[in-house]
Amino acid sequence: MSRIGVWNTAFLGDAVLTLPLLRTLRANYPDAELHFWVRRGVGSLFAAQPELSGVHEFDKRGGESGVMAAARVGRQLARERHSLWISAHTSLRSACIARWTSAKVRIGYDTPWFNSWFYTHTVPRRFDELDEIERLLQLVRPLNLPQVLDWPELVLPEPARERAAAFRAAHAAPSAPLLGVHPGSVWATKRWPAEYFAEVVRRAAAHGARIVLFAGPGEEAVAREVAERSGTLGTPALMDLSGALSLVDLAAHLAILDCYLSNDSGPMHIAWAQHTPVTAIFGPTVRRHGFYPRGPKATVLETSLDCRPCGLHGPQQCPLGHHRCMRDITPDIVWQDVHAKLFG
């Protein structure tokens, strides 16, 4: 293989979960150019990844959303002469782009039914049987590779690591561990109530921990609500970094935490991939979907309800109007796990 392209323009967390696939390809084809295609705004996270020869962004929700734009991308890819093209997407647009690459070997999933027209090899996704990392690794089965790697080792630029280390040196101590809190999510029903987050922040501060508050674009209001309700706003116990970090700096700061409290989100995957202890709250989504934090330092908190799951991502409003999947996971339950991670 001389040039390999991997296409996964889904959400941030999906891109992180593709790292084992990329690492596996690099381990088996050490001399090939390996290129990774992600959605717009995500590429910077992978810029220092040693396995990759290039990272490229696709503006699927903006300037490249139409058929003609996708065709232009496909024609450009054809000129680059890929030997192997692997697509983790099941959309018709992704299948068309795969075919337009003219790569000799094109691998995708066997559903939807039309994928057999666009790919030279298709594999079952086995959604109800495998976790997402293993589902993605299904895509290299036709290659019969001898070495398969299953952990998403994330490599970040050294300046970002240095900035995060300096932040920890300035704000943490052995008796003052760092708790990261990220109360936001793109999907409203995935958000644990702000007042619940606030109660855990209040308890952590009372026990001597320092709290780092994170929020992405558009999540600043819920982060401020958590800070105000907790009574820590304006105190030395709280460092509010909501909306203040680039994606790369966010990733580096997640790596220095003693515990990261989060909803089911993309940053959650960035944290556990770096072996940060994670307390993750799952409501409308469930662990068995396969998008959960892995490793001995990760905990998934969820409750048993007949209405769960109510979607792969979770809707914007609870279909039954009660949001019990989140409200039944009380601050007492969450604090027990957070306390153990912070103070042993």
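At 31% relative accessibility, R126 counts as partly exposed, a class that lies between buried (under 20% relative accessible area) and exposed (over 50%), as evaluated with a 1.4 Å probe on protein chains only. The model is a predicted one, in which local features require pLDDT of at least 70 and side-chain atom pairs count only at pLDDT 80 or more, whereas totals for chains, interfaces and linings use all residues. Residues are numbered from 1 along each chain as its sequence is written, and side-chain values use heavy atoms, with hydrogens and water left out.

Most residues other than glycine have a negative phi, and most peptide bonds are trans. R126, however, has a positive phi near 55° and is found in the loop between β6 (121–123) and α6 (132–137), where helices (H or I, at least four residues) and strands (E, at least two) are DSSP runs numbered from the N terminus. A positive phi of about 60° also occurs at S102, which is not a glycine and which is placed in the loop between α4 (92–100) and β5.

With respect to the peptide bonds, T111 and P112 are joined in cis, with omega about 0°, and P112 belongs to the loop between β5 (105–109) and α5 (115–118). A cis peptide bond also links R308 to P309, with omega about -10°, and P309 lies in the loop between β12 (298–301) and α12 (324–327).

When a disulfide is taken as a pair of cysteine sulfur atoms within 2.5 Å, the count comes to 0 disulfides. C310 is accordingly in no disulfide, the nearest cysteine sulfur, that of C325, being 6.0 Å away. C310 is partly exposed, with a relative accessible area of 34%, while C259 is buried at 0%.
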